[in-house]
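This report walks through one structure for a reader who meets it here for the first time. Please keep the sequence and the model in view while reading.

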Amino acid sequence: MCGIAGVIDLTQQRAVPDEIVRRMARAIVHRGPDEEGFFFQPGVALASRRLSIVGLADGQQPVTNEEGNVVVVFNGELFDHLEKRAELEARGHRLVKHCDTEVIPHLWEEHQLGMFERLRGQFAIALWDQRGRRLLLGRDRFGICPLYWTRQGDWLLFASEIKALLASGMVPARPDRRGIDHIFTFSALPGPITCFEGVELLRAGHFLEITPGSASGRAAEIVDRAYWEMDFPDLGDEERGDDQRRLVDEFEQVMLRAVDTRLKADVPVGSYLSGGVDSSMIAALACHLKGPAINTYTIRVDSPELDELDAANLVTRHIKTKPPIVQEFRAEDAVNTYPQLIQATEAPVIDTSCAALLQLARRAASGTPVMARGGFMHGMGGFSMQGGHRVGAGGTEGILTPAYVLITISKITDADAFKVTMRDLMTADTAFAGRLAVDMDKPVSWEGTAPEHVVMIQFDNSNQAQAWKGSDAFKSFDAELHRSSESTIQLVQGLPMPAARGIDGGRRGRGNVRFDQKAFEPNVKEYDQMLNKMHSICKGC
């Protein structure tokens with residue numbers, strides 16, 4: 001991984017103090033211990049901390065186009081940069097380095113805002129367009145690489161980690177109880193809310209276009225745009241599993257390509273290995289592509305019923321590679337590592353296995369900078385479920401894990417109209433088959449400056465959610481919602497909504513589950529204690 005950071009004056013009348021940006025870069029030196037690089041211009045400054053993976057000799061950042069008027073700092077990896085490089089050179093662009101970052105300013109020249117949808121990889125990007133006088137911040141489709149930003153008066157700051165924003169001295173470390181509420185509601189922070197007041201996480205598949213104001217009085221503009229969102233087949237359009245051998249062969253080729261693209265590096269690569277289906281398959285494919293000398297890493301715990309070392313050893317013997325490198329992990333290690341885990345994630349962590357992964361990553365980092373890892377399949381409902389299909393004796397079915405439409409309401413502008421809109425949603429005779437979670441007696445009191453609320457609609461699967469979002473009923477609802485409130489609508493797959501606080505488990509069907517508003521109001525005392533502890537840890541970074 002690498003780290004990026006920067007500051008822009010939204011009035012374009014002040015220089016960015018060098019030391020502020022250098023402090024931000026020092027706060028994320030762990031992300032990029034190999035090199036640092038800076039770009040300073042009146043009104044804007046960019047910083048990069050680099051971990052060298054591709055183009056070791058000449059991959060220094062920032063990277064520019066030939067004229068030097070498009071400047072990029074980059075965290076991540078572009079999987080098809082060699083193909084993109086050939087296409088750009090065929091169109092007359094002159095590329096002189098060997099790193100993937102170099103293609104980005106040239107792609108910007110070719111496609112402008114359409115560049116992001118053409119990028120294939122995992123990334124967080126900051127791009128300064130000198131000619132257009134605008135800053136672009138972009139994040140990959142699944143949000144693998146983090147990117148945070150905040151507006152402080154007429155300054156906008158961004159960084160790969162919140163600790164870099166705090167290190168600037170321009171961002172106060174104040175808790176945001178909504179972030180803690182989201183952690184214990186969703187077991188995650190889907191964004192844009194974080195646990196720090198005023199700090200936002202740029203959402204996956206989005207980019208931010210920042211245009212400073214002008215001396216003539218034009219106000220600064222900050223526009224958040226989505227360039228991609230997850231798409232699933234409509235109900236009835238799924239591919240059937242009549243020819244299961246063909247499906248298995250196609251899946252194998254997709255997996256081979258996916259692993260191969262992630263193993264392209266100019267440094268050693270390795271693989272985490274638990275002995276489970278997903279990590280074992282990835283390790284086997286990595287050995288098939290790279291040879292049996294690949295290093296694998298696993299955890300040994302002091303609880304026999306939880307220890308997976310025997311399974312990991314069995315896999316390495318089967319795929320004919322070296323025995324795994326073992327990291328010991330005891331129960332007390334989970335407790336001792338937790339403050340370091342909070343410092344790294346900048347939010348409460350519910351899954352204590354992350355402490356073991358943190359120790360394993362440190363063990364691997366000394367000799368294997370690039371790691372392939374399993375676990376991604378669990379996020380899709382287990383190893384039997386991939387890419388929108390479940391393969392079994394009965395053929396294929398649509399995704400079976402629940403999907404949610406999250407309506408984040410930041411302000412009610414017309415309380416009466418909003419109340420009518422939400423009541424209509426609950427009683428509409430449409431294809432809507434989800435659960436609506438909202439207390440309809442509350443919105444009138446939300447008018448004006450009330451705290452942000454989230455309305456959650458649960459569907460059995462993403463097919464139902466997509467069908468509703470594509471319906472005329474939804475379009476009408478969306479229009480009325482935006483006339484009566486300031487809100488955003490987001491489709492999320494697989495949140496643990498049925499167990500969330502505040503849901504009383506009523507009948508299925510058009511919005512029959514009621515929402516206990518008080519259950520979702522933060523417990524101020526408990527949240528403040530947790531937030532203050534977390535902030536004291538993060539401030540000591």
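Which residue stands opposite glycine 138 in β7? Isoleucine 125 is the residue that stands opposite this glycine. The model is a predicted one, and the account below begins with the sheet to which β7 belongs, then turns to the loops and the surface.

**The sheet**

An open sheet is formed by 6 strands in the order β4-β5-β6-β7-β11-β12, and the pairing within it is antiparallel. The edges are held by β4 and β12, each of which has a single partner strand, so one side of each is left without a neighbour in the sheet.

Strand β7, which covers residues 134-139, is mostly covered, since 6 of its 6 residues are buried. Arg134, Leu136 and Gly138 point one way from this strand, whereas Leu135, Leu137 and Arg139 point the other way, and all of them are buried. That arrangement can be read against a general rule: in a regular strand the side chains alternate between the two faces of the sheet.

On one side, β7 pairs with strand β6 (residues 121-129) in the antiparallel sense over 6 bridges. Besides the pair already named, aspartate 129 stands opposite arginine 134 in β7. The hairpin made by β6 and β7 has 4 residues between the strands, and within this hairpin arginine 133 takes a positive phi near 50 degrees. Strand β7 is also joined to strand β11 (residues 206-211) by 4 bridges, and these two strands run antiparallel. Here leucine 135 stands opposite isoleucine 210 in β11.

Strand β6 is largely enclosed by the rest of the structure, because 7 of its 9 residues are buried. It also pairs with strand β5 (residues 70-78), in the antiparallel sense and over 9 bridges. In that pairing, leucine 78 stands opposite glycine 121 in β6.

**Backbone features in the loops**

Most residues other than glycine have a negative phi, and most peptide bonds are trans. Against that background, several places in the loops deserve attention, and four of them are collected in the table.

| Place | Feature | Value |
|---|---|---|
| Glutamine 61 to proline 62 | cis peptide bond | omega near 0 degrees |
| Glycine 191 to proline 192 | cis peptide bond | omega near 5 degrees |
| Glutamine 12 | positive phi | about 55 degrees |
| Glutamine 112 | positive phi | near 50 degrees |

Proline 62 lies in the loop between β3 (44-50) and β4 (63-64), while proline 192 lies in the loop between α5 (177-186) and β10 (199-201). Glutamine 12 is found in the loop between β1 (3-9) and α1 (18-27), and glutamine 112 lies in the loop between α3 (103-111) and β6.

Are these two glutamines to be called buried, exposed or partly exposed? Glutamine 12 counts as partly exposed because its relative accessibility is 21%, and buried would mean under 20%. Glutamine 112 also counts as partly exposed, with a relative accessibility of 29%.

**Charge on the surface**

Two patches of charge can be picked out on the surface, one negative and one positive. In the negative patch, Glu229, Asp231, Asp234 and Asp237 gather. Aspartate 231 has its place in the loop between β12 (221-226) and α6 (244-262), and this aspartate is exposed because its relative accessible area is 61%, where exposed means over 50%.

The positive patch is a gathering of Arg120, Arg257, Arg262 and Lys264. Arginine 120 is found in the loop between α3 and β6, which is also where glutamine 112 lies. With a relative accessibility of 42%, arginine 120 counts as partly exposed.

Notes: Residues numbered from 1 in each chain as written. Predicted model: local features only at pLDDT ≥ 70, side-chain atom pairs only at ≥ 80, totals over all residues. Heavy atoms only, no water. Patch = residues over 30% accessible without salt bridge, like charges linked within 9 Å, V, L, I, M, F, W, Y side chains within 5 Å. Areas by Shrake-Rupley, 256 points an atom, 1.4 Å probe, with all protein chains shown as cover. Salt bridge = Lys/Arg side-chain N within 4 Å of Asp/Glu carboxyl O. Lys, Arg positive; Asp, Glu negative; His and termini not counted. Charge placed at Lys NZ, Arg CZ, Asp CG, Glu CD. Buried < 20%, exposed > 50% of the residue type's maximum accessible area, 1.4 Å probe, protein only. Pairing = 2+ DSSP bridges.
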